[in-house]
Each structure stands twice: as C-alpha cells, then as structure tokens.
Amino acid sequence: MAKAKPNLLKRRTPTDVVGLALGHLPEGKVAAVRLQTKGGKRELLAAAVIDLPGALPADWENARKAITWSLPPPFQSPHAALVATAPEAVLRLTQRQAPAADAQAQAVNGQRQAVKLAMPPDLCLEASLPEYQVLWLSRLLPEGHQPTACSIQVAQAALLNAPLAVPEFERAGGTAVVLIVEAQRTLLMAYQQNRPVLVREQALGNETVTQALASGLGIEPALLQSMIEEQLVDPLPLLEPVLQPLFRQIGLAVDYVAQRFEGAPTCGLLFGVPAHLAPLWLTVAERSGSALTLAAPTPLAGFAKPRTATPASAEEEAALWPAIGGALAVLEEARDE
C-alpha cells in the first residue's frame with residue numbers, strides 16, 4: 001500500500017520514524033508519534049501533542065521566516081515524516097500513465113507535485129503542496145540534528161495509511177471502505193488488498209454536523225458536547241437526515257469495488273469524529289441500512305501503550321491519526337523496497 005503514497009521529498013530508508021502533523025491543531029501544537037519496526041513488527045515508542053513554534057506559511061513572505069525545531073528526547077528518532085494539513089493541499093486519484101518507479105516530485109505551477117501508482121496498470125495518486133510550504137518544511141529539521149526530515153506528505157495522503165494501524169482492517173485483508181472526517185469535509189476512500197482504489201470528497205464535516213445539531217436544538221455550539229455527554233438531549237432525529245446521504249455513498253463505493261476489482265469490502269472504518277459524536281454516527285449508520293457495519297477505532301488501539309503519555313483531550317488524540325499515517329507511509333514503503 002505504501003507504494004501509492006506520494007512523498008514530496010526524496011528520502012532514505014528508515015526503520016525508526018517520528019510522524020509530525022502540522023496544521024491539524026492550533027498554532028504551536030504538533031501531534032507527534034514515533035514508530036519503529038523490529039523483526040517485521042511495528043512498535044509504538046511515543047505519542048503526544050508537543051509544543052513547537054510556528055505554523056505553515058500562507059505565502060512566500062512568511063515562508064522566509066525560518067524556524068528550527070528541537071524535539072523532546074522521546075521523539076528524537078533518526079528520521080521524521082512531516083505531514084501538512086493545509087487548504088492549498090491537493091490529493092486526487094486519477095487514471096493516467098504510471099510514472100517511473102524512481103520518479104521524484106516536480107514543481108508544477110508553483111506546487112510541488114508527486115505522483116505514485118496506486119493500482120496497476122494506470123490508477124495513480126497525485127498529491128501536492130505549494131512550493132513555499134515544502135521549502136519551509138524542509139528547513140524545520142536540518143541535517144546533523146535528530147530527527148532529519150525524510151518525507152513531506154499531504155495530510156490526506158498520509159491518512160490513507162491510517163487503516164494499517166487498525167486490526168479490523170488487517171483481518172479484512174485490506175479491503176475496506178474508510179471515512180475520514182475533517183472540519184469541513186469527509187474523504188470517502190475504498191481499498192482493495194491494502195491499495196486505495198477510490199477517493200471521493202463529500203461536503204460534510206465535523207463543523208457542519210455541529211452547526212446543524214446546535215441550530216436544530218437551539219443552543220450554542222459550545223454547549224453541544226456537554227449536553228450530549230450528560231444525555232440532556234437526543235440529537236439522533238436531527239443527525240439522521242444530515243448523515244444519511246453520506247452513508248448511502250458507502251453502498252455505492254462497495255458496489256464499485258466489487259464490480260471493478262472483484263472483491264467487495266467487508267470492513268467499514270470511521271476516523272476523525274469527536275468521541276462524544278462517534279457513537280451517534282455509528283447508530284445512524286446502522287439505522288440507515290449502511291452496506292457495511294462501521295467501527296470507530298481510536299488512534300492507539302492497535303498498539304501497545306507507549307512509554308510517553310498520550311494526549312488527554314479527544315481533539316488531541318484524533319490529531320494523532322495524520323502523524324501515525326505519515327510514519328506508517330515511510331515504514332511501509334521502506335519495507336516494500
């Protein structure tokens with residue numbers, strides 16, 4: 001699967017990687033996960049949200065303001081995968097001539113673009129970030145200091161690897177439908193034998209759902225979580241009409257994979273929904289007659305507990321997903337080489 005992950009920076013082959021997710025949390029907060037492979041098995045060494053200065057620049061002028069990071073000791077692995085969440089980031093799955101196996105990222109109209117074969121013979125993943133953001137990221141961890149940047153990834157591309165950390169995905173043979181819910185959108189992705197074969201963007205996200213529920217209940221969005229957790233309201237009648245169109249797309253994705261690739265997905269995963277809303281999403285999916293039974297795994301459920309303490313808040317824990325995906329992309333590609 002990792003061969004289909006477009007990286008925006010040439011790198012060496014590592015076995016000990018820290019994934020650093022920028023832009024997923026407020027400025028100054030970076031989700032960090034350190035993964036290591038030993039004897040063919042993955043081990044989680046550390047996971048936390050750490051304080052680091054700066055934010056992804058929005059233009060060339062801000063990109064000139066250099067920042068150098070020094071990571072806490074638990075995260076000082078030899079290699080780092082930098083994962084960027086940015087409005088300018090692009091990820092798409094297209095049919096085109098497959099690039100050469102050693103093809104490197106190219107600058108195209110001010111964007112650093114990488115293309116990798118996802119499914120032979122011609123299904124390719126394309127990912128890109130603005131050139132100034134790639135250059136700024138490449139200077140965060142200079143050579144000679146641990147860790148050294150070995151990969152720069154678009155967050156959506158890194159998240160394609162998130163199911164690799166979920167036991168249900170492995171038991172399903174890597175054939176699954178996955179929903180990754182962000183603030184303003186949801187990525188619906190289908191996999192066939194660990195390879196992404198479908199990526200669709202839906203105009204529905206966590207903020208959309210929160211606003212719809214708060215408006216329907218006549219309360220401020222800030223009160224919604226506490227009222228749901230204290231069972232003071234029943235949001236299901238409001239949530240069902242919002243989510244049902246999305247869950248109908250799961251059935252279409254299952255049919256597409258079954259018809260084109262001769263193997264229907266048997267696993268459905270939900271990532272990125274806040275902990276107080278995730279059970280409600282699963283209930284709506286079940287009531288809607290979704291083609292798959294969904295599970296909402298937590299980021300670290302598939303690993304033994306690391307020595308370094310994990311984030312306390314649900315928001316910070318969810319931010320670990322892109323960091324995990326970025327580190328897994330590097331480790332899996334290294335294993336395949």
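Q: Exposed means over 50% relative accessible area and buried means under 20%, with partly exposed in between. In this predicted model, is Gln193 buried or exposed?
A: Start with where the residue sits: Gln193 is in the loop between β11 (186-192) and β12 (195-202). Its relative accessible area comes out at 57%. The bar for exposed is over 50%, so Gln193 is exposed.

Q: What is the phi of Gln193, roughly?
A: Gln193 belongs to the loop that links β11 and β12. This residue is not a glycine, yet its phi is positive. The value is about 50°.

Q: Which loop holds Gln231, another residue with positive phi?
A: Gln231 isn't a glycine either, and its phi is near 55°. Its relative accessible area is 70%, so it counts as exposed. As for its place in the chain, Gln231 sits in the loop between α6 and α7.

Q: How far apart are the C-alpha atoms of Gly263 and Gln193?
A: Gly263 is in the loop between α7 and β13 (267-271), while Gln193 is in the loop between β11 and β12. Along the chain, 70 residues separate the two. In space, their C-alpha atoms are separated by 9.0 Å.

Q: Is Gly263 buried or exposed?
A: Setting aside neighbours within four places in sequence, Gly263 is in contact with Thr175, Gln192, Val257 and Ala258. Its relative accessible area is 19%. Buried means under 20%, so Gly263 counts as buried.

Q: What span does helix α7 reach from its first C-alpha to its last?
A: Helix α7 runs over residues 236-261, which makes 26 residues. At 1.5 Å a residue, you'd expect 38 Å. The model comes close to that, with 36 Å.

Q: At which residue does α7 have its kink of about 40°?
A: Look for the proline Pro245 in α7. The kink lies shortly before that proline. Its residue is also among the buried ones of the helix, and it is Leu243.

Q: Which residue follows α7 with a positive phi?
A: α7 covers residues 236-261, and its buried residues include Phe261. Just after the helix comes a residue whose phi is near 60°. That residue is Glu262.

Q: How far apart are the axes of α5 and α7?
A: Helix α5 (residues 206-217) packs on α7 at an angle of about 145°, and the crossing is right-handed. On the α5 side the contact is made by Val209, Ala212, Leu213, Gly216 and Leu217, and on the α7 side by Leu238, Leu239, Val242 and Leu243. The distance between the two axes is 9 Å.

Q: Does Gln244 count as buried or partly exposed?
A: Gln244 lies in α7, and its C-alpha is separated by 9.8 Å from that of Trp281, which is 37 residues away along the chain. Its relative accessibility is 27%. Buried needs under 20% and exposed over 50%, so Gln244 counts as partly exposed.

Q: How many residues of helix α2 are buried?
A: Helix α2 (residues 131-138) has eight residues and is mostly covered. Its buried residues are Glu131, Tyr132, Gln133, Val134, Trp136 and Leu137. The count of buried residues is six.

Q: What is the relative accessibility of Met227?
A: Met227 is in helix α6 (residues 221-229). Apart from neighbours within four places in sequence, it is in contact with Ile219, Leu232 and Val233. Met227 counts as buried because its value falls under 20%; the value is 18%.

Q: Which residue does a cis peptide bond join to Pro147?
A: Pro147 is found in the loop between α2 and β9 (148-154). The omega of the bond is about -5°. The partner is Gln146.

Q: Which residue does a cis peptide bond join to Pro121?
A: Pro121 has its place in the loop between β7 (111-119) and β8 (123-130). Here omega is about 10°. The bond joins Pro121 to another proline, Pro120.

Q: How many disulfides does the structure have?
A: A disulfide calls for a pair of cysteine sulfur atoms within 2.5 Å. Cys124 is buried at 0% relative accessible area, and Cys267 is buried at 6%. Searching the whole structure gives a disulfide count of zero.

Note on methods: Residues are numbered from 1 along each chain as its sequence is written. This is a predicted model: local features need pLDDT of at least 70, side-chain atom pairs count only at pLDDT 80 or more; totals for chains, interfaces and linings use all residues. Side-chain values use heavy atoms; hydrogens and water are left out. Buried means under 20% relative accessible area, exposed over 50%, partly exposed in between (1.4 Å probe, protein chains only). Helices (H or I, at least four residues) and strands (E, at least two) are DSSP runs, numbered from the N terminus. The expected span of a helix is 1.5 Å times one less than its number of residues. The bend at a residue is the angle between axes fitted to the seven residues ending there and the seven starting there. Axes are lines fitted to C-alpha atoms, for helices over the stretch in contact, and angles run from 0 to 180 degrees between N-to-C directions. A crossing is left-handed if the near helix is turned anticlockwise from the far one by less than a right angle, and right-handed if clockwise. Contact means heavy atoms within 4.5 Å.
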